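Visitor: Hi, I'm new to this one. Could you put it up and walk me through a few spots?

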Amino acid sequence: MTLSLSRRAFLSGLGVAAASPFVPILNASGQEALSPKRLILFYTPHGTVKNAWTPTGSATNFTLSPILKPLERHQKKICVLSGINMQDVGVGAPHTKGLPLVWTASKLIEDMTFTRADGSGGMYFGWNSSASIDQVIATKLAPPTPYKSLEFGVRSGGSNPASRMIYADAQKPLAPATDPYSQFTRLFAMPNVQATSERLSAVDIMKAELARMRPRIASEERPKVDAHVDAIASIEKRLRSKAVACAGPTTGAKIDPNQIANTPTIIDLQCSLIASAFACDLTRFASLQYSIGDNDGYPYPWLGITDGHHDLTHAGDDDTVAWGKVTQIHTWYADRFANLLDLLDAIPEANGKTVLDNSFVVWGSELGKGNTHSFKSTPFVVAGGASAAFATGRYLEFNEQLDHNRLLVSICHAFGLTDVDTFGNTDVGHGPLPGFLT
């Protein structure tokens, strides 16, 4: 004799409708995604120095440039994308509109009717007109994590379009958190330990319920139950390891994140928080904004550079001293990006892979070249492969024939959103980057 259960009760017993919001939902095959895909958007300002950034060689046999040399240890896990343009459209100065444009591919809101206090007319611009790529994907996929996304920043204060790159929706910018110590408290304080405990309790309930139900379920349905029992056992194993690992990174004694001399420590702490948040599955979408897309005026004393970065990028092309300093700054950016990849690659996942292997990490900027404010050949490096969604160990040169909208569409496809053919309100093409996705 078999017991007839309602579809709701049966699915609930299998964990498809989880007994607790803290328990990951199993997919249609009865397995939880043990190695979920993740996305990181990494930004540094003022474009790059193209002749010191561009690799040499062929697509699969290439030598990294002086700026990208710190990424050599990850060369097999990166893909350098050269010759991609951004659409130079809409209101706002180049740096100002460039920062929100990078990840939204959309223009700032404009208002032709704006009147200044002195009575004169003029063009006014406000926040961006669309959501950023991370928020679009996170909203559509809605993974069962405590945080939809996490936004981190370094020296990226202010509240204006030049200081915001992530948008939940039109005119809804998300401010990057610039204090890693506050973020540590937010992410790894006691409530998260309690959340892990609640997840484990829910798992125990589900295990007991499945064991009770199994003898009463029709024999042809039992393999499904057994598959879910195995999946839940795997979830339990992960949760118990996280109960220890999710204490978060070591932050050391607190320092002032606003002091310029502390910048190297602050960016490393922010990268550690991202890696730990991924390891603990607190979120699957994160961003790190270094500085702002405007005249930041910041020096780099730890590199021996007392000039402001923005001012240096406006030097003439024949000023080898200035561009040598800019090259040094961007090489340091590459080194910090490599450090983030180190942290992600040190976290093991299923089948001998790492968190890096299962992530889509993108490094971009708001311009191609500073002294001309050119939006052509904006520099992009992607890493990880997103669970083999794109092949790494490659250098792809597009000769300024494609817009970066194609990259954003590619990101959507890598996360399974293959119905997305265009992205942003600047898009004049369609489809992903040719030859990029597997």
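**Around helix H8**

Guide: Let's start here: H8 is followed by Asp281, whose phi is positive, near 55°. Helices (H or I, at least four residues) and strands (E, at least two) are DSSP runs, numbered from the N terminus. This is a predicted model: local features need pLDDT of at least 70, side-chain atom pairs count only at pLDDT 80 or more, and totals for chains, interfaces and linings use all residues. Residues are numbered from 1 along each chain as its sequence is written, and side-chain values use heavy atoms, with hydrogens and water left out.

Visitor: What span should the 17 residues of H8 have?

Guide: 24 Å, at 1.5 Å a residue (1.5 Å times one less than the number of residues). The end C-alpha atoms of H8, residues 263–279, are 24 Å apart, so that agrees.

Visitor: And how many of its residues are buried?

Guide: In H8, 13 of 17. Buried means under 20% relative accessible area, with exposed over 50% and partly exposed in between (1.4 Å probe, protein chains only).

Visitor: Switching to H3, how many are buried there?

Guide: Ten of the eleven residues in H3, residues 94–104, are buried, including His95, Pro100 and Trp103. Just after H3, Ala105 has a positive phi of about 55°.

Visitor: Where is Cys79, and is it buried or exposed?

Guide: Cys79 is in strand E4, residues 78–85. Cys79 counts as buried because its relative accessibility is 0%.

Visitor: What does Cys79 touch?

Guide: Leaving out residues up to four places away in sequence, Cys79 touches several residues, among them Phe380, Arg394 and Phe436. Contact means heavy atoms within 4.5 Å.
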